[in-house]
Amino acid sequence: MPKIVEVCPVSELPPGAMRLVEWEDLEIGVFNCGGTVYAIEDRCSHDDGPLVEGTLDEAGCTVECPRHGSRFDLKTGQPLSLPAYEPVDTFPVIIEREVIKLEVE
Ligand code: FES
């Protein structure tokens, strides 16, 4: 059964903002990309770089890993440039009564 994890009120994560959410042994990066919120595993598939400390490109809806520069599509978790070549997990985002929540398993 998936679990619902509360992140924060929508007002605390405006467009261009990102934050880390920890749940059990998972670390999840939550990003507001131009008003739409996405959540991906906060561990680069290349060498565990912390993606939430990377650079968010709101126009392309990507984040660049701070370690070696792979860019990841926030919608799909797919890497768009080397050295990473495997995707990272994505998590469904729910906005309920102005609160951001994630669905995790
Ligand atoms: S750890 Fe992310 S590109 Fe190397």
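Colleague: In the open sheet of 4 strands, what is the strand order?

Modeller: In this predicted model, the strands of this open sheet pair in the antiparallel sense. E2 and E8 stand at its edges with a single partner strand each, so one side of each is left without a neighbour in the sheet. Read across the sheet, the order is E2-E3-E4-E8.

Colleague: How many residues lie between E3 and E4 in their hairpin?

Modeller: Strand E3 covers residues 26–33 and strand E4 covers residues 36–41. The two run antiparallel and are joined by 6 bridges, with asparagine 32 standing opposite valine 37 of E4. In the turn, glycine 34 has a positive phi of about 60 degrees. The number of residues between E3 and E4 is 2.

Colleague: Which residue of E8 stands opposite alanine 39?

Modeller: Alanine 39 of E4 is the bridge partner of valine 30. E4 also pairs with strand E8, residues 90–91, in the antiparallel sense over 2 bridges. Opposite alanine 39 in E8 stands phenylalanine 91.

Colleague: Which residues have the most contacts inside the largest nonpolar core?

Modeller: This core has 25 residues. The elements that give two or more residues to this core are E1, strand E2 (18–23), E3, E4 and E10. Those with the most contacts inside the core are Val30 and Phe31.

Colleague: Leaving aside neighbours within four places in sequence, which residues are in contact with phenylalanine 31?

Modeller: Phenylalanine 31 is one of the two residues named for the most contacts inside the largest nonpolar core. With its neighbours within four places in sequence left aside, phenylalanine 31 is in contact with Met18, Val37, Tyr38, Leu56, Val63 and Leu74.

Colleague: Which strands are the edge strands of the open sheet of 3 strands?

Modeller: The order in this sheet is E1-E10-E9, and the pairing is antiparallel. From one strand to the next, the twist averages 30 degrees. Each edge strand pairs on one side only, and the two are strand E1 (3–9) and strand E9 (93–96).

Colleague: What is the bridge partner of valine 93 in E10?

Modeller: Strand E10 spans residues 99–104 and pairs with E9 in the antiparallel sense. There are 4 bridges between E9 and E10. Valine 93 has as its bridge partner in E10 leucine 102.

Colleague: Is glutamate 64 buried, exposed or partly exposed?

Modeller: Glutamate 64 lies in strand E6, residues 62–64. Not counting residues up to four places away in sequence, glutamate 64 touches Gly54, Thr55, Gly69 and Arg71. A residue is buried if 20 or more other C-beta atoms lie within 10 Å of its own. Because glutamate 64 has 19 within that distance, its class is partly exposed.

Colleague: What distance separates the C-alpha atoms of glutamate 64 and glutamate 53?

Modeller: Along the chain, glutamate 64 and glutamate 53 are 11 residues apart. Their C-alpha atoms are separated by 8.9 Å.

Colleague: How many helices and strands are in the chain?

Modeller: Read along the sequence, the pattern of the chain is β-β-β-β-β-β-β-β-β-β. The counts are 0 helices and 10 strands.

Colleague: What radius of gyration does the chain have?

Modeller: Along its principal axes, the C-alpha trace spans about 40 × 30 × 20 Å. Buried residues make up 32% of the 105 residues. A compact globule with 105 residues would have a radius of gyration near 13 Å, and the chain agrees with this, having 13 Å.

Definitions and conventions:
Residues numbered from 1 in each chain as written. Predicted model: local features only at pLDDT ≥ 70, side-chain atom pairs only at ≥ 80, totals over all residues. Pairing = 2+ DSSP bridges. Axes fitted to C-alpha atoms, helices over the stretch in contact; angles between N-to-C directions. Buried ≥ 20, exposed ≤ 12 C-beta atoms within 10 Å, placed from the backbone. Contact = placed C-beta atoms within 7 Å. Core = buried A, V, L, I, M, F, W, Y, C linked by C-beta atoms within 7 Å. Rg over C-alpha atoms; globule rule 2.2 N^0.38 Å.
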